[in-house]
Amino acid sequence: MATAKFKEASPYLKPKPSPPPEDYLYNRYLEDLALRTESRDDPVVKLALFGAGRAGTIHLTSIMSSPRVKLLYIVDDVESNWTKLERYWHLEDVTFLHSKQSDRVYKDLNVDAVIVASPTFTHEDIVTKALEARKAVFCEKPIAENRVNTAKCYESAKKVGRPLFCAFNRRFDPSYSSVRDRVRKGEVGHVHMIKTVARDSPLPSVEYLKISGGIFHDCMVHDIDVITWILGEYPDKVSALADANISEIKAIGDFDTVAVTLHFPSGTLGMIDLSRNSSFGYDQRLEVFGPKGMMQVDNEQPIHSVRRQYGQEGQITAPIWYSFASRYMNGYRREFDHFIDIVLGKAESMVRPNEILAVSKIAMACEESARAGKVVELKWADGELPYHR
Ligand SMILES: NC(=O)c1ccc[n+]([C@@H]2O[C@H](COP(=O)([O-])OP(=O)(O)OC[C@H]3O[C@@H](n4cnc5c(N)ncnc54)[C@H](O)[C@@H]3O)[C@@H](O)[C@H]2O)c1
């Protein structure tokens, strides 16, 4: 009886509530439910996919689940997989090509865009030829094996007036992007410290590591990108320590464990904690600290609502996501959708050339610091950064 006085009018008499913006899946569902046909009047974007390995399979999943695109070609050198790919995804209308036959893609005027998910050393050639053939390009990071060649790719894109999008998936992760929005609104004030933890799972094969470009250019670029994208600032000094605890990684001259500190002109410090091998899942965390407070992105768990307790063992919960394909699934879908918007002229690329070139320069400085055992200073020329200092 004590609460009877709080009774309200029927909820049917109140304005209909809307879902919170944070429920990105429900909001996406509402778009599907509304069947707004204006967006379906856009032409269907016709695609070629280069590389159907680990990253290519993620992008193939995005392609197959998008009504906005049609896949015309898959270029991949593992011919023994072609029939399996065709049967698994029902790709009866798709033409499979060996990379030696790539010219067919470039010459086909029906192809609007190419998705590049082949090994890093092949990117520059595919990107350049696709741009010369006036295709829009979605390219897995890194766009080329070094900064000079990446810059050349962007020059080609500018020359032909076609988009070159570098796939930095973490920017499209709902948690990371919400932290960026809050930091940019000043919720923690001037950032004093920003930290990322990125520990890979499962351990990549040695064959992959040999052609990966090394931990700084293959892995750390994601962390550098997230930090500089959140802060909107670029470091003037970096210092890195690195070692290889896994003998096979030492043998190829790479590292598996890296600690980096970054100093930014405004007084912010950054820290990156990186490992190639996390035994408990794909450990991805972020923390931003300032005078007004602190924000964290913690690891996400697939089954986060079930908690178990047996005997005296304390609480047991599900493991965290195992790897990038699951942890960043939403990010991959959202970056793909963003790319299609760019191709259709409905959006400007969220990932800008001078940001990518700056990330590459910082990764080079971090590697130099680790290999030479010294603090490396970064000098930025006028116009080199995406903002004026
Ligand atoms: N953003 C991310 O989260 C993420 C994750 C993994 C990999 N990557 C990037 O994706 C790229 C591929 O990595 P992966 O792990 O998928 O490698 P992978 O070895 O699993 O797959 C590469 C595929 O490309 C094919 N291939 C080889 N040469 C080719 C060519 N010239 N043209 C077309 N296909 C060719 C191979 O047969 C293979 O199937 C790398 O650049 C890597 O940095 C990004």
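These are my notebook entries on the domains, the ligand shell, two helix pairs and a few backbone oddities of this structure.

**Entry 1: the model and its domains**

I am working with a predicted model. I first looked up how the chain is split, and found domain 1 at residues 38-167 and domain 2 at residues 170-377. Their centres, taken over C-alpha atoms, are 25 Å apart. In the contact I count 27 residues from domain 1 and 23 residues from domain 2.

Next I asked which elements give two or more residues to the side of domain 1 that touches domain 2. I noted α2, α5, β5 (136-140), α6 (147-160) and β6 (164-167). Helix α6 gives the most to this side, with 4 residues. By class, I have this side of domain 1 down as 16 nonpolar, 5 polar and 6 charged residues.

**Entry 2: what the record says**

I then turned to UniProt. Its unreviewed entry places "domain: Gfo/Idh/MocA-like oxidoreductase N-terminal" at residues 46-165. In the model, I find that this span is 42% helix and 22% strand, and its end C-alpha atoms lie 16 Å apart.

The unreviewed entry also places "domain: GFO/IDH/MocA-like oxidoreductase" at residues 178-295. Here I read 29% helix and 33% strand, with 10 Å between the end C-alpha atoms.

**Entry 3: around the ligand**

Where does the shell around the ligand lie with respect to domain 1 and domain 2? Both domains give residues to the shell, so it lies between them.

There are 24 residues around the ligand, and I wrote down the ones that come nearest: Gly51, Gly53, Ala55, Ser99 and Ser118. Sorting the shell by class gave me 10 nonpolar, 8 polar and 6 charged residues. Helices α2 (54-64) and α5 (120-132) each supply at least two residues of the shell. The largest share, 3 residues, comes from α2. I also have α2 and α5 in my list for the side of domain 1 that touches domain 2.

**Entry 4: two helix pairs**

A reminder to myself: two packed helices are described by the angle between their axes and the distance between the axes.

I took α6 and α13 (residues 353-372) first. Their axes are 10 Å apart and the packing angle is about 175 degrees. The two helices are therefore roughly antiparallel, as the angle is over 145 degrees. The contact uses Arg147, Thr150, Ala151 and Tyr154 of α6, and Pro353, Ile356, Leu357, Ser360, Lys361 and Met364 of α13. I sorted these contact residues into 6 nonpolar, 2 polar and 2 charged.

My second pair was α7 (residues 174-184) and α9 (residues 215-231), whose axes come within 8 Å and cross at roughly 30 degrees. That makes α7 roughly parallel to α9. I find Tyr176, Val179, Arg180 and Val183 of α7 in contact with Val226, Trp229 and Ile230 of α9. This contact has 6 nonpolar residues, no polar ones and 1 charged.

**Entry 5: backbone oddities**

Last, I checked the backbone. Most residues other than glycine have a negative phi, and most peptide bonds are trans.

Which peptide bond is cis, with omega near -15 degrees? I found the bond from Lys141 to Pro142. Pro142 sits in the loop between β5 and α6. Another cis peptide bond joins Ser201 and Pro202, with omega about -10 degrees. I located Pro202 in the loop between β7 (193-199) and α8 (206-210).

I also flagged His90, a residue other than glycine with a positive phi, near 55 degrees. His90 is in the loop between α3 (82-89) and β3 (95-97).

Notes: Residues are numbered from 1 along each chain as its sequence is written. This is a predicted model: local features need pLDDT of at least 70, side-chain atom pairs count only at pLDDT 80 or more; totals for chains, interfaces and linings use all residues. A residue is near a molecule or strand if its C-beta atom, placed from the backbone, lies within 6 Å of it. Ala, Val, Leu, Ile, Met, Phe, Trp, Tyr, Cys and Pro count as nonpolar, Asp, Glu, Lys and Arg as charged, and the others, Gly among them, as polar. Domain bounds come from an automatic or database domain assignment. Axes are lines fitted to C-alpha atoms, for helices over the stretch in contact, and angles run from 0 to 180 degrees between N-to-C directions. Angles under 35 degrees count as roughly parallel, over 145 as roughly antiparallel, 65 to 115 as roughly perpendicular and the rest as oblique. Two residues are in contact if their C-beta atoms, placed from the backbone, lie within 7 Å. UniProt positions are given in the numbering used here, feature names are shortened, and annotations may be inferred rather than shown by experiment.
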